[in-house]
4 protein chains.
Amino acid sequence: MPKISEAHRERRRGQILDAAWRCFFRKGVQPTTMEDIIVESGLSASAMYRYFNGKDDIILNAIAASLQGLAVRIEPLMADPALDPPQFLARLLETVEVFAARKGFNLLPIAVHGWSEAQHDEQVRTLMATAYAGFRRMLAVRVQRWQAAGLLDAGVSPEDAAQALQSVVLGYIVQVTITRDVTPAAHARAAAAALRRGP
Amino acid sequence: MPKISEAHRERRRGQILDAAWRCFFRKGVQPTTMEDIIVESGLSASAMYRYFNGKDDIILNAIAASLQGLAVRIEPLMADPALDPPQFLARLLETVEVFAARKGFNLLPIAVHGWSEAQHDEQVRTLMATAYAGFRRMLAVRVQRWQAAGLLDAGVSPEDAAQALQSVVLGYIVQVTITRDVTPAAHARAAAAALRRGP
Amino acid sequence: MPKISEAHRERRRGQILDAAWRCFFRKGVQPTTMEDIIVESGLSASAMYRYFNGKDDIILNAIAASLQGLAVRIEPLMADPALDPPQFLARLLETVEVFAARKGFNLLPIAVHGWSEAQHDEQVRTLMATAYAGFRRMLAVRVQRWQAAGLLDAGVSPEDAAQALQSVVLGYIVQVTITRDVTPAAHARAAAAALRRGP
Amino acid sequence: MPKISEAHRERRRGQILDAAWRCFFRKGVQPTTMEDIIVESGLSASAMYRYFNGKDDIILNAIAASLQGLAVRIEPLMADPALDPPQFLARLLETVEVFAARKGFNLLPIAVHGWSEAQHDEQVRTLMATAYAGFRRMLAVRVQRWQAAGLLDAGVSPEDAAQALQSVVLGYIVQVTITRDVTPAAHARAAAAALRRGP
DNA sequence: GATGAATGAGTCTTCATTCAT
DNA sequence: AATGAATGAAGACTCATTCAT
């Protein structure tokens with residue numbers, strides 16, 4: 001009996017977060033009203049408050065859920081030993097894109113909203129900072145493997161390289177959502193060129 | 001007489017935009033109220049509407065002014081022929097940081113808010129997309145110079161390289177405002193390592 | 001079977017009223033929510049409506065039960081022939097205090113809430129007015145006895161005296177719950193002095 | 001110019017408090033909604049919040065204003081040397097009644113609501129406790145004068161007597177608002193009888 | 001007989017904007 | 001040219017009550 005209740009609870013929470021994502025995608029996080037989420041979710045006003053503590057709680061959980069989902073998608077990629085740096089970058093960006101593309105909305109603009117939220121919501125900031133630190137740790141390990149395999153200059157600190165790699169991924173997201181004219185392939189080609197020796 | 005009036009007008013507009021920046025930095029763009037800007041600027045409610053068409057107009061102009069200011073700072077750097085790629089990247093990121101650091105606030109978090117606004121305000125998006133396209137054009141020219149000087153593999157399209165470089169800069173801003181633990185130097189070291197041949 | 005059911009019913013009703021008293025004491029009558037009473041009683045939402053018609057019904061019954069309980073306590077005192085007026089007043093106030101002091105709450109503040117409710121709930125008002133009229137009738141009888149015994153001026157109408165005595169008791173409750181610095185003893189001393197002839 | 005603005009402010013605040021009194025009288029304090037006060041005052045929702053910090057602030061100020069008004073009315077009576085105890089009591093109760101009777105509402109039920117509020121709002125309680133302590137201090141002085149004039153037994157502490165007198169007044173208010181069948185005259189007659197020696 | 005999930009109407013409060021002075 | 005008082009529409013959130021299971 002508690003199992004059913006718990007499953008029910010999770011289903012409802014998912015239903016609400018899904019509605020929230022669609023709204024955030026359409027209008028942005030702050031401009032989205034509880035009314036928007038209520039209508040979109042098909043539930044009642046009070047139901048929202050049975051499953052979440054309020055708007056801030058929904059925002060926090062929506063962001064947490066997407067970061068969690070992304071981590072699940074990225075981890076196997078990080079462990080794949082077959083990819084050299086340019087291939088890896090291309091696959092990483094593609095994975096982000098595929099992960100973000102949902103039915104009726106896309107998580108990338110929502111990620112940008114999340115960064116904005118993080119500027120004045122310490123809880124959101126900590127959540128994102130923790131997730132991004134985790135990704136960077138995985139990237140650093142990856143860099144060490146490349147260095148061991150002779151695919152990357154061994155003179156650079158893996159942490160520095162991970163920092164720069166992470167910037168490429170995050171900056172890719174910014175360009176995808178603002179100028180909307182960047183591609184994983186172009187980034188991979190640039191990376192390949194950088195890693196080749198100049199004439 | 002119109003000259004004085006015009007100068008007065010520009011002074012007032014600057015006063016309001018400055019107040020808006022401080023508020024945006026403290027509370028974010030959407031959560032900032034007209035009342036906040038009124039109090040911060042020391043002007044009256046009606047003054048806001050004499051010098052701007054409303055809140056959206058203030059947001060748009062605040063973003064436009066900061067992008068314009070950044071362009072002015074970055075252009076000379078783009079033209080400096082003495083810098084090799086890693087040096088250039090380090091100087092570029094440092095320039096962005098110095099430009100953004102203001103008395104009482106910092107423009108980088110506000111830039112992040114701007115990206116968020118751009119997701120559902122086409123006017124803001126166009127403004128930013130245009131500015132970023134301009135930066136990227138300058139980067140592409142720069143890349144061509146490096147290729148001509150043999151500092152960079154000539155086999156890559158300058159546009160692709162500019163795309164990736166821009167991502168590094170934008171991603172740097174994301175990390176600076178979210179994880180708050182990245183440095184221009186680390187990015188430059190990573191770039192230098194990438195451009196060296198692996199052992 | 002109906003007997004057990006009836007006993008069960010009364011136990012549940014008592015449980016709910018007890019929870020309601022604790023809530024009323026903590027938060028006041030109107031600010032107390034059904035949710036508060038549900039949690040405090042350990043019963044379910046529907047149980048509230050099985051045993052009472054709704055919130056108003058709970059309020060009414062909580063007040064009725066306390067007035068009924070007070071009557072049971074006061075009646076023997078009213079009949080006690082050994083007490084002269086100041087002694088009686090002291091004992092009356094003490095009895096009220098002892099009666100009101102419960103485990104975890106006190107009925108005096110709840111009485112004040114009841115007066116407030118009575119102002120716009122005619123059912124509550126009638127209930128209280130009836131109870132207070134009953135107390136006053138008992139007081140009038142008491143006054144007649146004192147007059148017969150020569151302890152009180154016979155020239156005053158027993159009803160008038162009962163009115164004033166009742167005011168003393170009710171005003172005592174007000175002061176106990178608001179200024180919180182009055183005592184039965186002080187009231188009794190004042191009464192004793194009034195009944196002595198001035199020099 | 002500031003003078004006009006200040007006068008305007010006070011006029012508006014008075015207008016709002018007056019509307020609040022009428023609503024409190026009709027529905028009670030807690031059941032009165034901001035909407036009620038808005039409609040009754042003829043002002044807009046936002047105007048309420050320009051002149052008061054919220055509902056609680058209106059409640060507090062409405063109570064404070066009535067206590068202040070009562071003090072102004074009672075002080076001259078307290079100073080009148082011509083009244084003996086029963087006369088004084090009668091006049092005191094009459095003064096309270098006359099003071100409380102307003103066009104369209106009566107402050108006595110509102111006083112009862114105030115007592116109820118005081119039970120869970122420490123600010124309200126302190127306000128009322130302070131006012132009542134002030135009244136009692138005046139009553140104690142009055143009692144001393146009567147004792148000096150030989151109208152009252154000198155053996156009683158003036159504070160005790162003031163306590164009891166205050167109870168009579170407050171209890172009178174309770175009975176007026178609940179049983180609605182008490183009169184200043186009856187209380188005065190009872191007091192007169194008490195102060196006469198029994199036969 | 002009992003539960004607790006669900007609701008819709010309602011509550012307080014805020015905000016961008018305007019307009020009489 | 002400037003003010004600041006005023007507003008209406010909307011925002012987040014709560015609550016007494018019901019009903020399917």
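Copies are superposed by least squares on the C-alpha atoms of residues with pLDDT of at least 70 in both. This is a predicted model, in which local features need pLDDT of at least 70, side-chain atom pairs count only at pLDDT 80 or more, and totals for chains, interfaces and linings use all residues. Residues are numbered from 1 along each chain as its sequence is written, while chains are lettered from A and ligands numbered from 1 in the order in which they are written.

**Exercise 1.** Find which turn and shift lay chain A on chain B.

Step 1: a turn of 180° with a shift of 0.0 Å along the axis gives an RMSD of 0.1 Å.
Step 2: that is the relation of a two-fold axis.
Step 3: look along the axis, where G171(A) comes closest among the residues of chain A, its C-alpha at 1.9 Å.
Step 4: 100% of the contact residues of chain A recur in chain B, and the same surface serves both copies.

**Exercise 2.** Describe the side of chain D that touches chain C.

Step 1: chain D and chain C each bring 53 residues to the contact (C-beta atoms, placed from the backbone, within 7 Å).
Step 2: α6 (107-118), α7 (122-148), α8 (158-178) and α9 (184-195) of chain D each give two or more residues (helices are DSSP runs of H or I, at least four residues, numbered from the N terminus).
Step 3: the largest share, 15 residues, comes from α8(D).
Step 4: sort by class to get 29 nonpolar, 17 polar and 7 charged residues (Ala, Val, Leu, Ile, Met, Phe, Trp, Tyr, Cys and Pro count as nonpolar, Asp, Glu, Lys and Arg as charged, and the others, Gly among them, as polar).

Note on methods
Two residues are in contact if their C-beta atoms, placed from the backbone, lie within 7 Å.
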